[in-house]
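Visitor: I would like to go through this model and hear the reasoning behind each label. Could you show it to me?

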Amino acid sequence: MLAARLKALHFWFGVLAVMAFLATGQFMHHAYDQLQGMADGPRLLFRSSHLYILLSAIPHLMLGVYLEPAGVARFGRIQLPMSLLLVAATLLMAAGFFVEPRLAGLSRPLTLAGAIALLAAALLAIVLHSRHSRSFRMSRRINAGSRRHPGRKIAGAKNRRPTAE
């Protein structure tokens, strides 16, 4: 149930983030005359922040299409923080577009926080996948072992009666 909601959240949030990417492109085109005549520093910040919005939209779209339920409740507890980190990263990247070009120097505090949130979400996804894969492999070994030796009890396997084949 949670995975289905997260899947829909990521898909639609990703669509909104792509729309924000397109809107920020139009904003640069119309409000700043395609950044013509702008100093190199702010121009660099506008363009790179614009691309970071698209970069942060891509994981949402991927999860919106491919997110699967974790299968085990304890793994589901990792999916929610991962999703919240991705949402926070996208919002930070979008805020960085409007705030950071006006800061003194080339300081990028919002973009840095967004990049760290993206990295943390990716690391949580790796942890979720590795634990889920290991749990899946273990359950397959246990089930395979109980079929090969019907009378033998295997640690962690449920007591099943052998079926006549």
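Guide: Gladly. Buried here means under 20% relative accessible area. By that cut-off, 30% of the 165 residues of the chain count as buried. Please keep in mind that this is a predicted model.

Visitor: What makes up the secondary structure of the chain?

Guide: There are four helices and zero strands, and the pattern along the sequence reads α-α-α-α.

Visitor: How do you know what span to expect for helix α1, and what does α1 reach?

Guide: The expected span is 1.5 Å times one less than the number of residues. Helix α1, residues 2-31, has 30 residues, for which 44 Å is expected; from first C-alpha to last, α1 reaches 41 Å, close to that value. Just after α1, Asp33 takes a positive phi of about 50 degrees.

Visitor: Which residues of α1 are buried?

Guide: Among them are Leu6, His10, Phe13, Gly14, Ala17 and Phe21. An α-helix has 3.6 residues a turn, so residues three or four places apart point the same way.

Visitor: Why is His50 called buried?

Guide: The relative accessible area of His50 is 11%, and buried means under 20%, so His50 is buried. His50 lies in helix α2 and touches Phe21, Thr24, Gly25, Met28 and Phe97, leaving aside residues up to four places away in sequence.

Visitor: What makes the approach of His50 to Phe21 a polar contact?

Guide: The His50 side chain reaches the backbone oxygen of Phe21 at 3.4 Å, and the cut-off for a pair of N or O atoms is within 3.5 Å, so the distance fits.

Visitor: And why does Tyr66 count as exposed?

Guide: Exposed means over 50%, and Tyr66 has 64% relative accessibility, so Tyr66 counts as exposed. Tyr66 also lies in helix α2, residues 40-66. Together with Ile58, Met62 and Val65, Tyr66 forms a nonpolar patch on the surface, and the accessible area of the four is about 430 Å².

Visitor: How do you know that Arg108 and Glu100 form a salt bridge?

Guide: The rule asks for a side-chain nitrogen of Lys or Arg within 4 Å of a carboxyl oxygen of Asp or Glu. Between Arg108 and Glu100 the N to O distance is 3.0 Å, so the pair qualifies. Both residues are buried, and the count by this rule comes to one salt bridge.

Terms used:
Residues are numbered from 1 along each chain as its sequence is written. This is a predicted model: local features need pLDDT of at least 70, side-chain atom pairs count only at pLDDT 80 or more; totals for chains, interfaces and linings use all residues. Side-chain values use heavy atoms; hydrogens and water are left out. Helices (H or I, at least four residues) and strands (E, at least two) are DSSP runs, numbered from the N terminus. Buried means under 20% relative accessible area, exposed over 50%, partly exposed in between (1.4 Å probe, protein chains only). Patches are made of residues with over 30% relative accessible area and no salt bridge: like charges are joined within 9 Å, nonpolar side chains (Val, Leu, Ile, Met, Phe, Trp, Tyr) within 5 Å. Accessible areas come from the Shrake-Rupley method with a 1.4 Å probe; for residues, only the protein chains shown count as cover. A polar contact is a pair of N or O atoms within 3.5 Å; within protein, one must be able to donate a hydrogen and the other to accept it, and residues adjacent in sequence count only if both atoms are side-chain atoms. Contact means heavy atoms within 4.5 Å.
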